[in-house]
Amino acid sequence: MFTCKQVSNALSREDYEKLPPTKRFFLKLHVKLCIFCGRFNRQVMDSQDMCRHFKAHEEELFYNRPKLGEDRKSALKEMLSSQSAQSGDANSAEKV
Ligand SMILES: [Zn+2]
């Protein structure tokens, strides 16, 4: 069984999916049972899962992402430039 420090060090060094199966099993077991580091290290593992998933689907996400129309882009640019013009005014954000 690992200590909390060993688990945290292993998770900070690399993606836990790249670890050897036995080490990964005990690491997951520790994180599931530990009342001290379990909650934090589970979040670290979740973020590693999300990064791995994003990398795997990065290209299809790039092509399927919602796009902003030219009219909306120019409206945003106009709004931003009018806001930066009145930057001295503290209430400028509330007016828009
Ligand atoms: Zn622990």
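The legends below describe close-up views of a predicted model, beginning with the whole chain and moving to single helix pairs and residues.

**View 1. Overall architecture of the predicted protein, a chain of 6 helices and 0 strands.** Read from the N terminus, the elements follow the order α-α-α-α-α-α. The C-alpha trace extends over about 60 × 35 × 20 Å along its principal axes, and the radius of gyration is 23 Å, whereas a compact globule of 96 residues would have a value near 12 Å. Of these 96 residues, 5% count as buried. Among the contacts with a separation of 6 or more, 57% join residues that lie 24 or more positions apart.

**View 2. Helix α1 (residues 4–13) beside helix α3 (residues 38–56).** The two axes come within 11 Å of each other and cross at roughly 20°, which makes α1 roughly parallel to α3, since angles under 35 degrees are classed in this way. The crossing in which α1 passes α3 is left-handed. On the α1 side the contact is formed by V7, S8 and L11, which meet N41, V44 and M45 of α3. Sorted by class, this contact of α1 with α3 contains 4 nonpolar and 2 polar residues, with no charged residues.

**View 3. Residue L11 within helix α1.** Is L11 buried or exposed? L11 has 20 C-beta neighbours inside 10 Å and therefore counts as buried, the criterion being 20 or more other C-beta atoms within that distance. When neighbours within four places in sequence are left aside, the residues in contact with L11 are Y16, N41, V44 and M45. The C-alpha atom of L11 is also 10.0 Å from that of R42, although 31 residues separate the two along the chain.

**View 4. Helix α2 (residues 21–33) against helix α3.** Here the axes come within 7 Å and cross at roughly 130°, and this angle makes α2 oblique to α3. As α2 passes α3, the crossing is left-handed. The residues that α2 brings to the contact are V31, K32 and L33, and these meet G38, N41, R42 and M45 in α3. By class, the contact of α2 with α3 comprises 3 nonpolar, 2 polar and 2 charged residues. N41 and M45 of α3 appear in this contact and are likewise met by residues of α1.

**View 5. Residue S84 in helix α5 (residues 70–85).** Why does S84 count as exposed? Inside 10 Å, S84 has 9 C-beta neighbours, so this residue counts as exposed, the limit for that class being 12 or fewer. A long-range pair can be followed from the same position, in that S84 and R52 are 32 residues apart in sequence and 39 Å apart in space, taken from C-alpha to C-alpha.

Notes
Residues are numbered from 1 along each chain as its sequence is written. This is a predicted model: local features need pLDDT of at least 70, side-chain atom pairs count only at pLDDT 80 or more; totals for chains, interfaces and linings use all residues. Axes are lines fitted to C-alpha atoms, for helices over the stretch in contact, and angles run from 0 to 180 degrees between N-to-C directions. Helices (H or I, at least four residues) and strands (E, at least two) are DSSP runs, numbered from the N terminus. Angles under 35 degrees count as roughly parallel, over 145 as roughly antiparallel, 65 to 115 as roughly perpendicular and the rest as oblique. A crossing is left-handed if the near helix is turned anticlockwise from the far one by less than a right angle, and right-handed if clockwise. Two residues are in contact if their C-beta atoms, placed from the backbone, lie within 7 Å. Ala, Val, Leu, Ile, Met, Phe, Trp, Tyr, Cys and Pro count as nonpolar, Asp, Glu, Lys and Arg as charged, and the others, Gly among them, as polar. The radius of gyration is taken over C-alpha atoms; the globule rule is 2.2 Å times the number of residues to the power 0.38.
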